[in-house]
Amino acid sequence: MIRVRPEILFLVHRAPWPPDRGDRIRSWHMFEALAKLAPVHVAALADNEQDAAIARAKMAPLCKSLMVEVRKASRPQALVQAVLTGDPVSNRLFRNAPLARHVGGLLSHGDVSHIVAFSGQMAQYLPPPSHFSGPVVMDFVDVDSAKFATYAEQDRRQPLHWVHARETRVLGAYEAEVARRVDASLFVSEAEAALFRARSGLGSGKVRAVENGIDTERFDPALTFDAVDGGDGPLAVFTGQMDYRPNIDAVRWFAADILPLIRRQHPAARFAIVGRAPTYDVRALARLPGVAVTGEVADVRPWLAAADAVVAPLLLARGVQNKLLEAMAMARPVVASAAAAEGIDAVAGEHLLVTDDAAGMAAAVGSLFDDREGAGRMGQAARARMISRYGWDARLAPLGELLGLPA
């Protein structure tokens with residue numbers, strides 16, 4: 001068969017639309033970048049039927065073909081299957097037979113010339129090299145096996161220690177095996193890419209950083225936003241997916257240990273936890289003085305616009321935190337842990353404040369509450385940094401080169 005023009009298969013672990021959480025923000029902009037290079041077939045999973053329906057309605061007119069399947073495996077079921085088969089639990093959670101058959105059918109027709117897989121769980125849908133000769137790019141985003149290593153250390157005295165230790169080992173070996181057989185493996189920051197090179201033994205020719213960007217026209221403090229519910233005191237805001245363990249640990253620490261220190265100097269200080277799917281433990285934090293838990297909101301920008309400080313007290317963070325890019329693009333002063341700030345190309349003390357202990361974080365937030373003019377200058381410097389450094393077009397420009405497709 002003579003292929004007239006290139007076509008790209010984009011494998012995604014969560015359908016990219018709507019781009020309202022970190023992974024979907026990156027995958028949506030990647031989809032847009034790929035669609036500028038060639039027609040795109042999208043094969044994706046969704047967490048539930050509502051998400052799948054929303055994604056199908058938006059994306060179907062934009063794709064050469066689209067399939068979105070709802071994943072149904074529970075964590076206990078995936079763990080049992082993984083132990084029996086020797087697979088990573090992460091793969092079993094995202095295994096879907098109809099999607100695998102669909103991908104196989106697309107590849108058998110011979111129209112697909114290039115493949116991009118987003119998130120390591122989708123590597124299981126890649127054809128073996130003997131069955132596909134075109135370029136294959138794997139966007140791991142983060143080194144997930146390293147995340148599970150941290151979980152294992154944190155849960156050393158709990159039953160989950162064994163589960164996380166096993167996932168560290170099995171998933172790490174799988175990630176390295178996948179990276180050896182694809183043409184390029186991408187990570188969201190140079191720190192993540194360097195970590196993976198050290199773990200896999202692969203060089204910079206095979207492992208690259210392609211950083212996240214930010215839409216500075218959408219996240220623009222000059223726009224007008226509706227007022228948010230709140231009080232009269234200074235407001236600290238955290239945004240994120242609130243059933244994700246690092247976010248849960250971060251807001252629990254801030255609400256229980258840091259906010260009380262802030263309220264000694266600022267008795268009316270408030271802390272808003274803004275994000276979808278808050279767990280019971282997160283919702284319970286609303287019982288603490290000054291703490292509000294919003295749950296899912298239609299738009300995080302009004303909360304960012306209202307914030308006197310945006311906080312990211314993450315004890316565990318991988319890659320580039322979209323929550324920080326969004327806050328900085330909105331010209332908000334940010335206080336972050338070193339882990340959260342690591343992937344951001346910004347200068348501590350000029351574009352944001354970085355500190356790691358409760359007293360230091362409370363003092364940093366308090367200093368922003370006390371010095372509104374200084375906080376404003378830091379916010380403006382942060383926005384200028386985002387505009388100059390983090391446009392999505394610039395960040396994703398390497399995709400065409402890696403796939404051998406001219407822009």
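I count a residue as buried when its relative accessible area is under 20%. The model I am working from is predicted.

**Leu-202**

I began with Leu-202, in the loop between helix 8 and strand 7. Is Leu-202 buried or exposed? Its relative accessible area is 16%, so I enter Leu-202 as buried. I then looked up its contacts, leaving aside neighbours within four places in sequence, and found Ala-179, Arg-180, Phe-196, Arg-197 and Val-207. I also checked Leu-202 against Ser-133: the two are 69 residues apart in sequence, and their C-alpha atoms are 21 Å apart in space.

**Seven-stranded sheet**

Val-207, a contact of Leu-202, led me to strand 7, where Val-207 is the bridge partner of Ser-185. Strand 6 covers residues 184–187 and runs parallel to strand 7, with three bridges joining the two. I traced the whole sheet next. It is open, has seven strands paired in parallel, and follows the order 3-2-1-4-5-6-7. Which strands stand at the edges? They are strand 3 (65–70) and strand 7 (207–209); each has a single partner strand, so one side of each has no neighbour in the sheet. I noted an average twist of 15° from one strand to the next.

I looked for a helix against the strand 3 end. Helix 2, residues 49–59, lies across strand 2 (40–46) and strand 3, and its angle to strand 3 is about 170°.

**Leu-99**

I placed Leu-99 in helix 5, which covers residues 97–109. Leu-99 has a relative accessible area of 0% and is therefore buried. Which residues does Leu-99 touch, not counting those up to four places away in sequence? I list Ala-43, Ala-44, Leu-45, Met-67, Glu-69, Met-122 and Tyr-125. I also checked Leu-99 against Leu-11: they are 88 residues apart in sequence, with 9.9 Å between their C-alpha atoms.

**Arg-26**

I found Arg-26 in helix 1. Is Arg-26 buried or exposed? I enter Arg-26 as buried, because its relative accessible area is 1%, against a cut-off of 20%. Beyond four places in sequence, Arg-26 touches Phe-118, Asp-139, Val-141, Phe-187, Val-188, Val-210, Glu-211, Asn-212 and Trp-392.

**Second largest pocket**

Trp-392, a contact of Arg-26, is also among the residues that line the second largest pocket. I put the space in this pocket at about 200 Å³. Which residues make up the lining? I list His-29, Glu-32, Ala-33, Lys-36, Ile-214, Asp-215, Thr-216, Glu-217, Gly-391, Trp-392, Asp-393 and Leu-396. Helix 1 (22–35) and helix 16 (392–396) each supply at least two of the lining residues. I sorted the lining by class and got four nonpolar, three polar and five charged residues.

**Cavity and helix 6**

How many cavities of 30 Å³ or more does the structure hold? I found one. The largest cavity contains about 30 Å³ of space. Its lining is Ser-90, Gly-120, Gln-121, Phe-140, Asp-144, Leu-171 and Glu-175. By class I count two nonpolar, three polar and two charged residues in this lining.

Asp-144 took me from the cavity lining to helix 6, residues 144–154, where Asp-144 is one of the buried residues. The others that I noted as buried in helix 6 are Ser-145, Ala-146, Lys-147, Phe-148, Tyr-151 and Ala-152. What covers the buried residues of helix 6? The cover includes helix 4 (89–93), helix 7 (160–181), helix 8 (190–200) and helix 9 (245–265).

**Six-stranded sheet**

I then traced an open sheet of six strands, which pair in parallel in the order 10-9-8-11-12-13. I marked strand 10 (291–295) and strand 13 (353–354) as the edge strands, each pairing on one side only. At the strand 10 edge, strand 9 (residues 270–274) pairs with strand 10 in the parallel sense over four bridges. One residue pair I looked up there is Ala-272 with its bridge partner Ala-292 in strand 10.

Which strands does helix 12 lie across? Helix 12, residues 322–329, lies across strand 8 (235–239), strand 11 (309–312) and strand 12 (334–336). I noted its angle to strand 12 as about 160°.

Methods. Residues are numbered from 1 along each chain as its sequence is written. This is a predicted model: local features need pLDDT of at least 70, side-chain atom pairs count only at pLDDT 80 or more; totals for chains, interfaces and linings use all residues. Side-chain values use heavy atoms; hydrogens and water are left out. On a 1 Å grid over the protein atoms alone, a cavity is a set of points where a 1.4 Å probe fits but cannot get out, and a pocket is an open set with protein on both sides within 12 Å along at least five of seven lines; lining residues have an atom within 4 Å of a point. Grid points are joined across faces, edges and corners, and a volume is the space filled by probe spheres set on the points. Ala, Val, Leu, Ile, Met, Phe, Trp, Tyr, Cys and Pro count as nonpolar, Asp, Glu, Lys and Arg as charged, and the others, Gly among them, as polar. Two strands pair if DSSP finds at least two bridges between them. Axes are lines fitted to C-alpha atoms, for helices over the stretch in contact, and angles run from 0 to 180 degrees between N-to-C directions. Contact means heavy atoms within 4.5 Å. Buried means under 20% relative accessible area, exposed over 50%, partly exposed in between (1.4 Å probe, protein chains only).
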